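This report describes selected side-chain and metal-site geometry. Please read the text alongside the sequence and the coordinates shown here.

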Amino acid sequence: MNGLLGDPSARRAYLGLDERLRGLSEVDRDLVRLGQMPGLSRWLEQVAATGGCARPVYLRGASETFSVVSGELVRRYSTAGEPGERLALRCRNRRSSRCGPCSWLHQGDSWHLVHAGLAGGKGVPAEVRSHPTVFLTLTAPSFGRVHRTGGCHRERPGVCAHGRTLGCGRVHPEDGGFVGSPLCVECYDYPGHVLWNAHAGALWKAFTDNVYHHLAALAGVGRSAVRRLLRVSAVKVAEYQRRGVVHFHAVVRLDGPAGPTDQPPSWATADVLVEAVRTAVGAVALAAPVSAAYGERRLRFGVQVDVHEIRGEENSPEAGERVAAYVAKYTTKGAEAAGGVDRRVTSAAEIRLLRVSAHMRALVGACWRLGGLPELAHLRLRAWAHMLGFRGHCLTKTRSFSTTYRSLRAERGDYVRGGPAPKREVTVGFWRFAGIGYRPGEAVIAEGIALDLERTREIARDHLPPGWVGGARREPRRAGAAGHTGRGS
Ligand SMILES: [Zn+2]
Ligand SMILES: [Zn+2]
Ligand SMILES: [Zn+2]
């Protein structure tokens, strides 16, 4: 050891110094280059306009705005005058593990989207406040015993067919890697787990159809007649449990047949909706495609169903805000929140190298294996292996529930521009892709800008009453960080 560290170059290698110096000097060189860049202040403006996005997309091009009335050119914008002759746009990644600033904006949008469906606003009529509305959580069934916090299955004596203990009895810490992984990997139903995730979207669809059927039964009308009497509007988010299975949190609202402006019939109360939801969840059952690899699988929701009315004694603005905050929180997470991966897997060899738990590797591996079966080709399990088989959107909603991400983004853009674009103008743009991401020095500065903006938000949040969430409230005032500026869009 002494001999090795006596040699200066060996010591440097041992300490990883060369590596670190190389890394440092690259950042330094880049910072020097930035310092000498003629358009530095405009470049900083651009980065601030993306909110310090971790991986912006660059465009090169121009746009021209004409008056519809006279046909004259009103404005012209070109990236020719921008630093590097390009414009930076947000990456818009919703995952906090990929881009903090963009996921934060997405969370704010999700909050508005859910909140508008509960309380009105953003183009949703305020009447929705009086409609029966419930909050529910739908889980998956068990695919095998997994380690849990507290006394881990302490009550279970004995061993499984593979000689492993049925109750481990230990107290696992909340953040320990253990929680959510199976007590016996051989007992654990990996195909069933992956098939459930892959059918979660279909199970949700079957559930909402069933809600109509069960409302019809409760009202004593036919299945098609009930759709002429009312409409079931809903928004749901998918969350990964520690064991790597998707479950849903959802808000379900009853409207009249014409939608949010229309009262549902008087018999369709919140109690009736709660009852219909309960019975509908229990009735859902889908058959997975039969395969020699695993035989037959019937897919159902778990027995644990939590459903309660959002209105009633809880009828307060805070209740709506809490629910919206709860739902929005999950929209910035994917399978990586349960210890999975946040990007696509492209080969079986890559799965062996993933830095994940054995359980996650087994789940991704099961997706890859099952994804090779022709009878499951339609589930595209290989393309969605990183999502552990689930290929739905994190947040989905029925059209009439509320506003859309698209219109929320447009509204944000309008705010930055100082109002909606004049109706009597039309803009034609010519854009092409001009790169993505930062150089090392640029990344350091962008990170600093993102941190500054985050600190400002936190200070603001500390001065808001409880229940006010994330950036949702302050959103419109953060003009500097709200997507790319109106220039050139
Ligand atoms: Zn971003
Ligand atoms: Zn345990
Ligand atoms: Zn076993």
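The sections below cover the basis of the model, zinc sites, aromatic contacts and salt bridges.

## Basis of the model

The model is predicted: local features need pLDDT of at least 70, side-chain atom pairs count only at pLDDT 80 or more, and totals for chains, interfaces and linings use all residues. Residues are numbered from 1 along each chain as its sequence is written, chains are lettered from A and ligands numbered from 1 in the order in which they are written, and side-chain values use heavy atoms, with hydrogens and water left out.

## Zinc sites

The zinc ion (ligand 1) has as protein donors the SG atoms of Cys53, Cys91, Cys99 and Cys102, lying 2.3 Å from it. Donors are N, O and S atoms within 2.8 Å of the metal (3.2 Å for Na, K and Ca); water is not among the atoms, so sites may look incomplete. The site of ligand 1 is tetrahedral, with angles of 103 to 114° among its 4 donor atoms; for four donors this term requires all angles to lie between 85 and 135 degrees. Along the chain the donors follow the spacing C-x37-C-x7-C-x2-C. Cys53, in the loop between helix 4 (40-49) and strand 1 (57-67), and Cys99, in the loop between strand 3 (87-89) and helix 5 (100-119), are 46 residues apart. Helices (H or I, at least four residues) and strands (E, at least two) are DSSP runs, numbered from the N terminus. Cys53 is buried at 0% relative accessibility, where buried means under 20% relative accessible area, exposed over 50%, and partly exposed in between (1.4 Å probe, protein chains only).

For the zinc ion (ligand 3), the protein donors are Cys160 (SG), His162 (ND1), Cys184 (SG) and Cys187 (SG), at 2.0 to 2.3 Å. The site of ligand 3 is tetrahedral, with angles of 102 to 116° among its 4 donor atoms, and its donor residues are spaced C-x1-H-x21-C-x2-C. Cys160 is buried at 12% relative accessible area, whereas His162 is partly exposed at 35%.

## Aromatic contacts

The structure holds 7 aromatic pairs. Rings of Phe, Tyr and Trp (its six-membered ring) pair if their centres lie within 6.5 Å; planes under 30 degrees apart count as stacked, over 60 as edge-to-face and the rest as tilted. Tyr188 and Tyr190 form a tilted pair, 4.8 Å centre to centre with 55° between the planes. Trp196 and Phe301 form an edge-to-face pair at 5.9 Å and 75°. Trp196 lies in helix 6 (residues 190-219) and Phe301 in the loop between strand 10 (298-299) and strand 11 (305-309), so this pair ties together parts that are 105 residues apart in sequence. Both Trp196 and Phe301 are buried, and ring pairs link them with Trp204, Phe207, Phe248 and Phe390 into a cluster.

## Salt bridges

A search of the whole structure finds 14 salt bridges, each a side-chain nitrogen of Lys or Arg within 4 Å of a carboxyl oxygen of Asp or Glu. One of them joins Arg42 and Glu82 (2.6 Å, N to O), and both residues are buried.

Glu425 and Arg75 meet in another salt bridge (3.0 Å, N to O). Glu425 lies in strand 13 (residues 425-436) and Arg75 in strand 2, so the pair ties together parts that are 350 residues apart in sequence. Glu425 is partly exposed at 23% relative accessibility, as is Arg75 at 45%.

Technical notes. Tetrahedral: all angles 85-135°; square planar, octahedral: opposite > 155°, others 65-115°.
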